[in-house]
Amino acid sequence: MADRREKRLAEFIEPFRVKPGRKVVLARDFDPGFKAGIKGKREGVDILAEGVRLLAEYQSRLAAQDTWGVLVVLQALDAAGKDGTIRHVMSGVNPQGVSVHGFKVPSSEELDHDYLWRYARRLPARGDIGIFNRSHYEEVLAVRVHPETLVRQKLPRAAKRGNVWKRRYREINDWERYLSENGFKIVKLFLNLSKEEQRERFLRRIDLPDHRWKFSTADVTERGRWDDYQKAFSEALSHTSTEWAPWHVIPADRKWFARLSAAAVLVHALMEIDPRFPTVDQERRDALMEVRQRLEEEAPPDQRDGHGPAEELVGAP
């Protein structure tokens, strides 16, 4: 059953995966309105509910095994639905095992370190899922679109020579490979929103009183750099989708489809890890049997012998 589910998920998410080495042009290669033949939102919500259930199951195993950590990297342009995706996809998990970190303008302390330092400090522990709501990829996206911010990073002259971006792609790939080889699964999701859908969502934020707080005039300024961001995203996807940390480009024009697709990619990643609940050896099982016997003896007379053999509850060798 698990093998069949994993195969179906792999087939579903395959169109989103950026094959390592592929030259990506977002507008040509990925349709923001794609919905994989799913008829509509109602069917999509049902599929998402199943994904959330599976995610909760695998998160429990991940925490119990305490061997792997999972880092979810979430990138998108403004209004693509990052916050809503996190809220819906993670709705069924144990919040004690999940952390969400957003990264805004670097502080003076952060600028006194290398550009990956502040991200490394927020990595998840083994057994946990960490989410970067925007991430270290801002260093080759927003910083590339606004290269004047490199001045604030206090880089030595040599670090600003040559192709800074290709060097950073290599450094990010090496860092992610190091994490992967040390037991941290990296799930990278880019929410791919069309320019027209972004325009409509901006208008909705302005028109609805309970949405206005989300809107900033800076969002419109950044929208004016749409083509620059599309180029930066295309280049980053082309250079940093690797065998150990591939990118998945999630169609985001339909929020319900983006959410179920993100859940599918994350669940599939957990299935690949295949975390298991720890087994109990014979010595530990015998100790549990003794504890159980003492607890049974403490029960009121009319409640004794209300359970089956202890061996059935503790588990046979």
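## Largest pocket and salt bridges

In this predicted model, the largest pocket has a volume of about 1,500 Å³. It is lined by 49 residues, and those closest to its centre are Asp78, Lys82, Lys104, Arg134 and Asp219. Helix H4 (residues 82-89) supplies the largest share of this lining, namely 5 residues, and by class the lining of the largest pocket comprises 19 charged, 18 nonpolar and 12 polar residues.

Side chains of opposite charge can pair when their charged atoms come close, and a search of the whole structure finds 20 salt bridges. The table below sets out three of them.

| Pair | Closest N to O |
|---|---|
| Arg28 and Asp29 | 2.7 Å |
| Glu50 and Arg53 | 2.8 Å |
| Glu176 and Lys188 | 2.9 Å |

In the pair of glutamate 176 and lysine 188, distant parts of the chain are linked, since glutamate 176 belongs to helix H9 (residues 164-181) and lysine 188 to strand E4 (residues 184-192), with the two 12 residues apart. Both glutamate 176 and lysine 188 are buried.

Glutamate 50 and arginine 53, by comparison, both lie in helix H3 (residues 41-65), 3 residues apart, which is about one turn of the helix. Glutamate 50 is partly exposed at 35% relative accessible area, and arginine 53 is likewise partly exposed, at 41%. For the remaining pair in the table, arginine 28 is exposed because its relative accessible area, 57%, is over the 50% cut-off, whereas aspartate 29, at 22%, counts as partly exposed.

Key
Residues are numbered from 1 along each chain as its sequence is written. This is a predicted model: local features need pLDDT of at least 70, side-chain atom pairs count only at pLDDT 80 or more; totals for chains, interfaces and linings use all residues. Side-chain values use heavy atoms; hydrogens and water are left out. On a 1 Å grid over the protein atoms alone, a cavity is a set of points where a 1.4 Å probe fits but cannot get out, and a pocket is an open set with protein on both sides within 12 Å along at least five of seven lines; lining residues have an atom within 4 Å of a point. Grid points are joined across faces, edges and corners, and a volume is the space filled by probe spheres set on the points. Helices (H or I, at least four residues) and strands (E, at least two) are DSSP runs, numbered from the N terminus. Ala, Val, Leu, Ile, Met, Phe, Trp, Tyr, Cys and Pro count as nonpolar, Asp, Glu, Lys and Arg as charged, and the others, Gly among them, as polar. A salt bridge is a side-chain nitrogen of Lys or Arg within 4 Å of a carboxyl oxygen of Asp or Glu. Buried means under 20% relative accessible area, exposed over 50%, partly exposed in between (1.4 Å probe, protein chains only).
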